[in-house]
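Open your viewer and load the model, with a selection box ready. We will go stop by stop, and at each one you will hear what to pick and what is there.

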Amino acid sequence: MSENKTPSTWRSATRQLHAGLERTEFGETSEAVFLTSGFVYDNAEQAAKTFTGEVEHYQYSRFSNPTVAALERRLADLEGAEACVATATGMGAVSSALLSHVKAGERVVASRALFGSCHWIVANLLPRYGVETVFVDGSDLDAWAQALSKPTSAVLLESPSNPMLDVLDIRAISDLAHKAGAIVVVDNVFASPVYQKPLELGADVVVYSCTKHIDGQGRVLGGAVLGTKDWITETLQPFTRNTGNALSPFNAWVMLKGLETLTLRVDAMTRNAATVADYLAQAPGVLSVRYPGRKDHPQYALAQKQMTGGGSLIAFEVAGGQEGAFAFMNALQLIAISNNLGDARSLVTHPATTTHMKIGAEERARLGISDGAIRFSVGLEDSTDLIDDLARGLAALPRS
Ligand SMILES: *Cc1c(COP(=O)(O)O)cnc(C)c1O
């Protein structure tokens, strides 16, 4: 195998195609898939030296695999991170980042507006192991300062947040967190690596559900954790390797194919999202629209500062509460109802009865998730067809 050394002058779009590629002696154009669980050694000495670390050799695909390693190199390159570990799912990435770092008796502070399973880990799982957890309103810096006035081990936040697209000040929160001794873990799924670089903003660890924009075509699950070489090799990797949170080489290969078109897709989806958000903002039956790329977003200035694009997700509220939302969604012919996001196909979900059902009405009210709220993951369709479909949905709203 020979590793293609990517010249440091190549730009991001080029690197997404070429970084970290290792060709076998067959000279294949596309990356090979090493669908193997184990590896063989030339002799017993080589096996022994591999285990002591004197020789570099693949050992077992729970530890590492050439296809998975190619994905890890390319993701690290794209993020500007020293190191990356790919995981079986996005939740595998989030849970490993936290569980590998914190110990009983320590403290985690998280923003309240989190992806459902991330919320469960902080609210339910960590306390079971003796970790104190505190939630704060992510856009309230005074609340962060107060929560971080005590020694803290880790901070978890998501920006823009799911589903209401709050934009959090990653730099300011990272400064407060570091003073409290905490590492900052940013779930960067909504912005994607194309539009936001949390490490440049002061965060320590970035996590992805590669299931979303990185695959981007609704095929496979996967995740990634990115950070410094020291933290990844000393803290994260012993945890992921021994607990079995490994990405399948096949899924890694699918993700490598996804990365080839990541910027193209995310840019096109974002252009569609901006067009569609403008339509929704003036459409009858729509009570409000949240899109980080629109001037009426409550944290527009911050979004402009820390993101280079508005992203592919929109939140909006239709009239008529849950009845209105259901009538709207059921009338759609093109846009599908699905709780997935970041797909090439446009998808809508009703958070109050699906992704955010379990947190209860009181917590939803705190997060601003009304019964009429819809999360819209904008895909690659022609924006005129999307607008026609949205108009069809809005025409079905019950008359008040
Ligand atoms: C989907 C998602 C996750 C979880 O990823 P999986 O691949 O489904 O395990 C975590 N955080 C955010 C923001 C997500 O959208």
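What covers the buried residues of helix 7? Select helix 7, residues 170-179, and then add its cover, which includes helix 6 (141-147), strand 6 (154-158), strand 7 (183-187) and helix 12 (300-306).

Before moving on, a note on the ground rules. This is a predicted model, in which local features need pLDDT of at least 70, side-chain atom pairs count only at pLDDT 80 or more, and totals for chains, interfaces and linings use all residues. Residues are numbered from 1 along each chain as its sequence is written, and side-chain values use heavy atoms, with hydrogens and water left out.

**Stop 1: helix 7**

Helices (H or I, at least four residues) and strands (E, at least two) are DSSP runs, numbered from the N terminus. Within helix 7, highlight Ile170, Ile173, Ser174 and Ala177, which are buried. Buried here means under 20% relative accessible area, with exposed over 50% and partly exposed in between (1.4 Å probe, protein chains only). Now look down the axis of helix 7: its buried residues fall within an arc of 100 degrees, so they line one face of the helix. That arc is taken from the directions from the helix axis to the C-beta atoms. After helix 7 comes glycine 181, with a positive phi near 85 degrees.

**Stop 2: the ligand**

Select the ligand next, together with the 13 residues around it; a residue counts if one of its heavy atoms lies within 4 Å. Met91, Asp187, Ser209, Thr211 and Lys212 come nearest. Try the distance tool on these pairs:

- Methionine 91: a backbone N or O atom is 2.8 Å from a ligand oxygen atom.
- Serine 209: a polar side-chain atom is 2.8 Å from a ligand oxygen atom.
- Lysine 212: a polar side-chain atom is 2.7 Å from a ligand oxygen atom.

A polar contact with the ligand is a pair of N or O atoms within 3.5 Å. Taken alone, the ligand exposes 380 Å², and the protein buries 92% of that. These areas come from the Shrake-Rupley method with a 1.4 Å probe.

**Stop 3: strand 4**

Is strand 4, residues 107-111, largely enclosed or open? In strand 4, 5 of the 5 residues are buried, so it is largely enclosed by the rest of the structure. Colour its two sides separately: Arg107, Val109 and Ser111 are on one, and Val108 and Ala110 on the other. Strand 5 (residues 132-136) runs parallel to strand 4, joined to it by 5 bridges; two strands pair if DSSP finds at least two bridges between them. Valine 109 stands opposite valine 134 in strand 5.

Stay in strand 4 and click serine 111, whose relative accessible area is 1%. Beyond its neighbours within four places in sequence, serine 111 is in contact (heavy atoms within 4.5 Å) with residues including Trp144, Leu156 and Leu168.

**Stop 4: the mixed sheet**

Finish with the open sheet of 5 strands in the order 10-11-14-13-12, where the pairing is mixed. Strand 10 (286-290) and strand 12 (336-337) stand at the edges with a single partner strand each, so one side of each is left without a neighbour in the sheet. Further in, select strand 11 (residues 313-318) and strand 14 (residues 373-377), which pair in the antiparallel sense over 5 bridges. There, glutamate 317 stands opposite alanine 373 in strand 14.

Methods: Polar contact = N/O pair within 3.5 Å; in protein donor to acceptor, adjacent residues only side chain to side chain.
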